[in-house]
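The following exercises invite the reader to examine one structure step by step. Each task is followed by a worked solution.

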Amino acid sequence: MSFNILSIAGTDPSGGAGIQADLKAFSALGGYGMTVVTALVAQTTTGVTEVHDVPARFVTSQLDTLLRDVRVDAVKIGMLSNAEVIGAVADAIDAYRLPNVVLDPVMVAKSGDRLLAEEAVGALRSQLLPRADLITPNLPESADLLGCTEAVDLAEMAEQAHRLVELGPARVLLKGGHLRGATSTDLLLAPDAPPETLTAPRVDTTNTHGTGCTLSSAIAALRPQRPDWSSAVRDAKSYLTEALRHADELDVGHGKGPVHHFYAWWQEKKASGS
Ligand SMILES: Nc1ncnc2c1ncn2[C@@H]1O[C@H](COP(=O)(O)OP(=O)(O)O)[C@@H](O)[C@H]1O
Ligand SMILES: Cc1ncc(COP(=O)(O)O)c(N)n1
(Lines give C-alpha, C1' and ligand atoms only; values in the text may rest on other atoms or scores of the structure.)
(Ligands and ions follow the chains in the order given, each with its own letter.)
Protein backbone atom coordinates (compact mmCIF):
# COMPACT_ATOMS: atom_id res chain seq x y z
CA MET A 1 0.00 0.00 0.00
CA SER A 2 1.45 3.38 -0.94
CA PHE A 3 0.35 6.68 0.55
CA ASN A 4 0.07 9.97 -1.33
CA ILE A 5 1.14 12.99 0.72
CA LEU A 6 0.50 16.55 -0.46
CA SER A 7 2.44 19.66 0.55
CA ILE A 8 0.78 23.04 0.02
CA ALA A 9 3.59 25.53 0.69
CA GLY A 10 6.22 27.96 -0.57
CA THR A 11 9.63 27.21 -2.04
CA ASP A 12 13.24 27.37 -0.84
CA PRO A 13 15.93 27.22 -3.55
CA SER A 14 18.50 26.16 -0.93
CA GLY A 15 16.39 23.06 -0.25
CA GLY A 16 16.25 23.42 3.53
CA ALA A 17 12.68 24.60 4.14
CA GLY A 18 9.31 24.77 2.38
CA ILE A 19 8.25 22.44 -0.41
CA GLN A 20 11.77 21.13 -0.95
CA ALA A 21 12.20 20.04 2.69
CA ASP A 22 8.69 18.60 2.67
CA LEU A 23 9.40 16.35 -0.32
CA LYS A 24 12.63 15.10 1.27
CA ALA A 25 10.80 14.17 4.48
CA PHE A 26 7.93 12.49 2.58
CA SER A 27 10.37 10.36 0.55
CA ALA A 28 12.56 9.49 3.53
CA LEU A 29 9.51 8.25 5.43
CA GLY A 30 8.05 6.13 2.65
CA GLY A 31 5.36 8.51 1.33
CA TYR A 32 4.71 9.49 -2.29
CA GLY A 33 5.20 13.28 -2.32
CA MET A 34 3.13 15.83 -4.26
CA THR A 35 3.11 19.66 -4.17
CA VAL A 36 0.95 22.71 -4.72
CA VAL A 37 3.11 25.86 -4.70
CA THR A 38 1.71 28.96 -2.97
CA ALA A 39 4.71 31.30 -3.28
CA LEU A 40 8.10 31.39 -4.95
CA VAL A 41 10.61 32.54 -2.35
CA ALA A 42 14.11 33.79 -3.13
CA GLN A 43 15.78 32.59 0.07
CA THR A 44 18.71 30.64 1.39
CA THR A 45 20.34 29.85 4.74
CA THR A 46 20.97 33.56 5.38
CA GLY A 47 17.47 34.87 4.74
CA VAL A 48 14.79 35.89 2.26
CA THR A 49 15.45 38.45 -0.49
CA GLU A 50 12.10 38.39 -2.31
CA VAL A 51 8.72 36.68 -2.33
CA HIS A 52 6.65 36.18 -5.48
CA ASP A 53 3.11 35.16 -4.50
CA VAL A 54 1.25 32.69 -6.68
CA PRO A 55 -2.21 34.18 -7.44
CA ALA A 56 -4.94 32.47 -5.39
CA ARG A 57 -6.78 31.58 -8.60
CA PHE A 58 -3.75 29.60 -9.74
CA VAL A 59 -3.40 27.87 -6.36
CA THR A 60 -7.00 26.71 -6.88
CA SER A 61 -6.15 25.61 -10.41
CA GLN A 62 -3.24 23.48 -9.14
CA LEU A 63 -5.44 21.97 -6.41
CA ASP A 64 -8.37 21.21 -8.73
CA THR A 65 -6.13 19.72 -11.41
CA LEU A 66 -4.39 17.46 -8.91
CA LEU A 67 -7.34 16.48 -6.74
CA ARG A 68 -9.63 15.53 -9.63
CA ASP A 69 -7.11 12.85 -10.52
CA VAL A 70 -5.17 11.75 -7.46
CA ARG A 71 -6.27 10.36 -4.05
CA VAL A 72 -4.59 12.20 -1.20
CA ASP A 73 -3.96 10.40 2.12
CA ALA A 74 -2.54 13.31 4.12
CA VAL A 75 -1.83 17.01 3.64
CA LYS A 76 0.83 19.29 5.07
CA ILE A 77 0.08 23.00 4.77
CA GLY A 78 2.94 25.48 5.22
CA MET A 79 3.53 29.03 3.93
CA LEU A 80 0.35 30.61 2.53
CA SER A 81 1.46 34.24 2.12
CA ASN A 82 -1.92 36.00 2.11
CA ALA A 83 -5.64 35.79 2.92
CA GLU A 84 -6.72 34.99 -0.66
CA VAL A 85 -4.51 31.89 -0.76
CA ILE A 86 -5.81 30.87 2.68
CA GLY A 87 -9.37 31.06 1.28
CA ALA A 88 -8.43 28.96 -1.74
CA VAL A 89 -6.91 26.24 0.46
CA ALA A 90 -9.88 26.24 2.88
CA ASP A 91 -12.28 25.79 -0.07
CA ALA A 92 -10.26 22.83 -1.40
CA ILE A 93 -10.20 21.11 2.02
CA ASP A 94 -14.02 21.26 2.04
CA ALA A 95 -14.64 20.48 -1.63
CA TYR A 96 -12.37 17.40 -1.67
CA ARG A 97 -12.83 16.43 1.99
CA LEU A 98 -9.07 16.25 2.41
CA PRO A 99 -8.05 13.86 5.22
CA ASN A 100 -5.26 14.13 7.81
CA VAL A 101 -4.67 17.87 7.44
CA VAL A 102 -1.50 19.02 9.26
CA LEU A 103 -1.30 22.82 9.37
CA ASP A 104 2.05 24.44 10.16
CA PRO A 105 0.93 28.06 10.67
CA VAL A 106 4.07 29.55 9.10
CA MET A 107 4.32 33.30 9.74
CA VAL A 108 7.96 34.40 10.03
CA ALA A 109 11.14 32.60 8.84
CA LYS A 110 14.01 31.90 11.28
CA SER A 111 15.80 34.77 9.51
CA GLY A 112 13.04 37.13 10.73
CA ASP A 113 11.42 37.66 7.30
CA ARG A 114 7.61 37.59 7.11
CA LEU A 115 6.09 34.69 5.15
CA LEU A 116 2.45 35.53 5.95
CA ALA A 117 1.02 39.05 5.70
CA GLU A 118 0.25 40.39 9.17
CA GLU A 119 -3.33 41.17 8.15
CA ALA A 120 -3.84 37.51 7.09
CA VAL A 121 -3.35 36.05 10.59
CA GLY A 122 -7.09 36.48 11.27
CA ALA A 123 -7.99 34.51 8.12
CA LEU A 124 -5.60 31.73 9.12
CA ARG A 125 -7.19 31.62 12.58
CA SER A 126 -10.82 31.64 11.43
CA GLN A 127 -10.65 29.71 8.14
CA LEU A 128 -7.91 27.12 8.54
CA LEU A 129 -7.52 26.31 12.23
CA PRO A 130 -11.02 24.76 12.45
CA ARG A 131 -10.32 22.66 9.34
CA ALA A 132 -7.04 21.19 10.62
CA ASP A 133 -6.62 17.75 12.21
CA LEU A 134 -3.39 19.01 13.76
CA ILE A 135 -1.74 22.43 14.01
CA THR A 136 1.99 22.74 14.78
CA PRO A 137 2.72 26.32 15.90
CA ASN A 138 6.06 27.37 17.36
CA LEU A 139 6.03 29.75 20.33
CA PRO A 140 5.93 33.05 18.34
CA GLU A 141 3.15 31.66 16.10
CA SER A 142 1.14 30.55 19.13
CA ALA A 143 1.47 34.05 20.62
CA ASP A 144 0.35 35.65 17.32
CA LEU A 145 -2.65 33.34 16.98
CA LEU A 146 -3.73 34.01 20.57
CA GLY A 147 -2.79 37.70 20.65
CA CYS A 148 -0.59 37.28 23.75
CA THR A 149 3.08 37.19 24.69
CA GLU A 150 5.33 34.19 24.00
CA ALA A 151 5.31 31.31 26.49
CA VAL A 152 8.51 31.20 28.54
CA ASP A 153 8.13 27.76 30.19
CA LEU A 154 6.21 24.50 30.00
CA ALA A 155 3.40 25.70 32.26
CA GLU A 156 2.70 28.67 29.98
CA MET A 157 2.97 26.38 26.93
CA ALA A 158 0.31 24.08 28.43
CA GLU A 159 -1.97 27.04 29.07
CA GLN A 160 -1.54 28.31 25.48
CA ALA A 161 -2.07 24.81 24.01
CA HIS A 162 -5.47 24.68 25.76
CA ARG A 163 -6.43 28.07 24.33
CA LEU A 164 -5.29 27.04 20.83
CA VAL A 165 -7.49 23.91 20.91
CA GLU A 166 -10.44 26.19 21.66
CA LEU A 167 -9.84 27.91 18.30
CA GLY A 168 -11.08 24.75 16.55
CA PRO A 169 -8.30 22.40 15.41
CA ALA A 170 -8.77 18.73 16.34
CA ARG A 171 -5.40 18.79 18.13
CA VAL A 172 -2.36 20.99 18.75
CA LEU A 173 1.35 20.24 18.81
CA LEU A 174 2.87 23.31 20.46
CA LYS A 175 6.60 23.25 19.67
CA GLY A 176 9.06 24.38 22.31
CA GLY A 177 12.19 24.60 20.15
CA HIS A 178 12.51 28.33 20.89
CA LEU A 179 12.98 27.74 24.64
CA ARG A 180 16.45 27.03 26.02
CA GLY A 181 17.65 24.06 28.06
CA ALA A 182 19.13 20.59 27.67
CA THR A 183 15.98 19.25 26.05
CA SER A 184 13.59 20.46 23.38
CA THR A 185 10.04 19.77 24.51
CA ASP A 186 6.77 19.92 22.58
CA LEU A 187 3.21 19.48 23.91
CA LEU A 188 0.52 17.47 22.12
CA LEU A 189 -3.02 18.29 23.17
CA ALA A 190 -6.43 17.11 21.96
CA PRO A 191 -9.68 18.28 23.60
CA ASP A 192 -10.62 14.80 24.81
CA ALA A 193 -7.23 13.51 26.02
CA PRO A 194 -4.63 14.39 28.66
CA PRO A 195 -1.69 16.47 27.33
CA GLU A 196 1.32 14.51 26.10
CA THR A 197 4.86 15.78 26.56
CA LEU A 198 7.38 14.96 23.83
CA THR A 199 10.94 15.53 24.89
CA ALA A 200 14.13 15.13 22.85
CA PRO A 201 17.73 15.97 23.73
CA ARG A 202 18.57 19.45 22.42
CA VAL A 203 21.05 19.03 19.56
CA ASP A 204 23.89 21.55 19.67
CA THR A 205 23.74 22.88 16.11
CA THR A 206 22.93 26.13 14.30
CA ASN A 207 21.51 24.12 11.39
CA THR A 208 17.86 24.63 12.25
CA HIS A 209 16.58 26.02 8.94
CA GLY A 210 13.41 24.10 8.12
CA THR A 211 12.95 22.17 11.38
CA GLY A 212 9.26 23.10 11.56
CA CYS A 213 8.68 22.22 7.88
CA THR A 214 10.42 18.89 8.37
CA LEU A 215 8.46 17.97 11.51
CA SER A 216 5.02 18.77 10.07
CA SER A 217 5.84 16.91 6.84
CA ALA A 218 7.14 13.90 8.72
CA ILE A 219 3.88 13.80 10.71
CA ALA A 220 1.80 13.97 7.49
CA ALA A 221 3.88 11.22 5.88
CA LEU A 222 3.62 8.94 8.93
CA ARG A 223 -0.03 9.49 9.92
CA PRO A 224 -1.47 7.08 7.30
CA GLN A 225 1.14 4.51 8.37
CA ARG A 226 0.42 4.75 12.11
CA PRO A 227 -2.64 3.78 14.19
CA ASP A 228 -3.07 7.23 15.78
CA TRP A 229 -1.80 10.80 15.81
CA SER A 230 0.27 10.32 18.94
CA SER A 231 2.48 7.60 17.44
CA ALA A 232 2.82 9.52 14.14
CA VAL A 233 3.92 12.65 16.03
CA ARG A 234 6.36 10.73 18.27
CA ASP A 235 8.03 8.97 15.32
CA ALA A 236 8.15 12.24 13.36
CA LYS A 237 9.94 13.93 16.27
CA SER A 238 12.47 11.06 16.43
CA TYR A 239 13.06 11.48 12.69
CA LEU A 240 13.61 15.24 13.10
CA THR A 241 15.99 14.78 16.04
CA GLU A 242 18.04 12.35 13.92
CA ALA A 243 17.98 14.83 11.01
CA LEU A 244 19.26 17.55 13.39
CA ARG A 245 21.98 15.23 14.77
CA HIS A 246 23.32 14.66 11.26
CA ALA A 247 22.91 18.28 10.11
CA ASP A 248 26.58 19.15 10.66
CA GLU A 249 27.57 16.55 8.02
CA LEU A 250 26.14 18.93 5.41
CA ASP A 251 28.00 21.93 4.00
CA VAL A 252 25.19 24.21 2.76
CA GLY A 253 25.47 27.99 2.86
CA HIS A 254 26.83 30.47 5.38
CA GLY A 255 23.83 31.03 7.66
CA LYS A 256 21.47 28.69 9.54
CA GLY A 257 21.99 25.50 7.55
CA PRO A 258 19.39 22.79 6.82
CA VAL A 259 18.81 19.53 8.65
CA HIS A 260 19.99 16.28 7.04
CA HIS A 261 17.12 14.08 5.87
CA PHE A 262 18.56 10.83 7.02
CA TYR A 263 17.05 8.14 4.82
CA ALA A 264 19.22 5.40 6.38
CA TRP A 265 17.64 5.93 9.81
CA TRP A 266 14.16 5.09 8.53
CA GLN A 267 15.38 2.13 6.51
CA GLU A 268 17.22 0.69 9.53
CA LYS A 269 14.13 1.24 11.70
CA LYS A 270 11.97 -0.56 9.12
CA ALA A 271 14.45 -3.39 8.73
CA SER A 272 14.54 -3.93 12.51
CA GLY A 273 10.72 -4.03 12.55
CA SER A 274 10.35 -1.18 15.07
N1 LIG B 1 18.36 22.21 18.76
C2 LIG B 1 17.34 21.36 18.74
N3 LIG B 1 17.49 20.09 19.15
C4 LIG B 1 16.47 19.21 19.13
N5 LIG B 1 15.23 19.52 18.71
C6 LIG B 1 15.00 20.78 18.29
C7 LIG B 1 16.02 21.77 18.29
N8 LIG B 1 15.49 22.94 17.81
C9 LIG B 1 14.22 22.68 17.53
N10 LIG B 1 13.91 21.39 17.84
C11 LIG B 1 12.62 20.72 17.63
O12 LIG B 1 12.29 20.97 16.26
C13 LIG B 1 10.88 21.15 16.12
C14 LIG B 1 10.58 22.50 15.50
O15 LIG B 1 11.06 23.44 16.40
P16 LIG B 1 10.71 24.96 16.64
O17 LIG B 1 12.04 25.65 16.57
O18 LIG B 1 9.97 25.08 17.91
O19 LIG B 1 9.75 25.36 15.44
P20 LIG B 1 10.00 26.18 14.10
O21 LIG B 1 11.05 25.43 13.31
O22 LIG B 1 8.66 26.16 13.45
O23 LIG B 1 10.44 27.55 14.53
C24 LIG B 1 10.30 20.91 17.51
O25 LIG B 1 9.96 19.55 17.65
C26 LIG B 1 11.45 21.29 18.44
O27 LIG B 1 11.33 20.67 19.69
C1 LIG C 1 8.86 28.46 2.02
C2 LIG C 1 9.19 28.46 3.46
N3 LIG C 1 8.34 27.89 4.34
C4 LIG C 1 8.63 27.88 5.65
C5 LIG C 1 9.79 28.44 6.12
C6 LIG C 1 10.07 28.45 7.62
O7 LIG C 1 11.22 27.74 7.96
P8 LIG C 1 12.21 28.33 9.05
O9 LIG C 1 11.36 28.85 10.19
O10 LIG C 1 13.05 27.19 9.47
O11 LIG C 1 12.95 29.44 8.35
C12 LIG C 1 10.67 29.03 5.20
N13 LIG C 1 11.83 29.62 5.57
N14 LIG C 1 10.34 29.04 3.87
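**Exercise 1.** How do the residues of the shell around ligand 1 divide into nonpolar, polar and charged?

Solution. The model under study is a predicted one. Sorting the shell around ligand 1 by residue class gives five nonpolar, six polar and five charged residues. Of the 16 residues around the ligand, those that come nearest are Lys175, His178, Ser184, Asp186 and Thr211.

**Exercise 2.** Identify the secondary-structure elements that each supply at least two residues of this shell, and then examine polar side-chain atoms beside the ligand.

Solution. Begin with the elements: strand S8 (183-189), helix H7 (211-222) and helix H8 (229-245) each supply at least two residues of the shell around ligand 1. Next, consider distances to oxygen atoms of ligand 1. A polar side-chain atom of His178 is 2.7 Å from such an oxygen, and one of Thr211 is likewise placed at 2.7 Å from an oxygen atom of the ligand. For Asn138, the corresponding distance is 2.9 Å. Finally, turn to coverage: ligand 1 on its own has 550 Å² of accessible area, and the protein covers 94% of it.

**Exercise 3.** Is Ser81 buried or exposed?

Solution. First locate the residue: Ser81 belongs to the loop between strand S4 (74-77) and helix H3 (83-95). Then apply the cut-off, by which buried means under 20% relative accessible area. The relative accessibility of Ser81 is 7%, so Ser81 counts as buried. Its backbone also deserves a remark, since phi of Ser81 is near 70°, a positive value in a residue other than glycine. Asn100, not a glycine either, has a positive phi of about 50°. The position of Asn100 is in the loop between H3 and strand S5 (101-103).

**Exercise 4.** Which residues point each way from strand S1?

Solution. Recall that side chains in a regular strand alternate between the two faces of the sheet. In S1, Asn4, Leu6, Ile8 and Gly10 point one way, while Ile5, Ser7 and Ala9 point the other way. As for burial, seven of the seven residues of S1 (residues 4-10) are buried. The pairing completes the solution: S1 and strand S2 (residues 32-44) run parallel over seven bridges, and Ala9 has Val37 of S2 as its bridge partner.

**Exercise 5.** Which feature does UniProt place at residues 12-260?

Solution. The unreviewed UniProt entry gives "domain: Pyridoxamine kinase/Phosphomethylpyrimidine kinase" for these residues. Over residues 12-260 the chain is 37% helix and 18% strand, with the end C-alpha atoms 15 Å apart.

Technical notes
Residues numbered from 1 in each chain as written. Chains lettered and ligands numbered in written order. Predicted model: local features only at pLDDT ≥ 70, side-chain atom pairs only at ≥ 80, totals over all residues. Heavy atoms only, no water. UniProt positions renumbered as here; feature names shortened; annotations may be inferred. Helix = DSSP H or I, 4+ residues; strand = E, 2+ residues; numbered from the N terminus. Near = heavy atom within 4 Å. Polar contact = N/O pair within 3.5 Å; in protein donor to acceptor, adjacent residues only side chain to side chain. Areas by Shrake-Rupley, 256 points an atom, 1.4 Å probe, with all protein chains shown as cover. Nonpolar A, V, L, I, M, F, W, Y, C, P; charged D, E, K, R; others polar. Buried < 20%, exposed > 50% of the residue type's maximum accessible area, 1.4 Å probe, protein only. Pairing = 2+ DSSP bridges.
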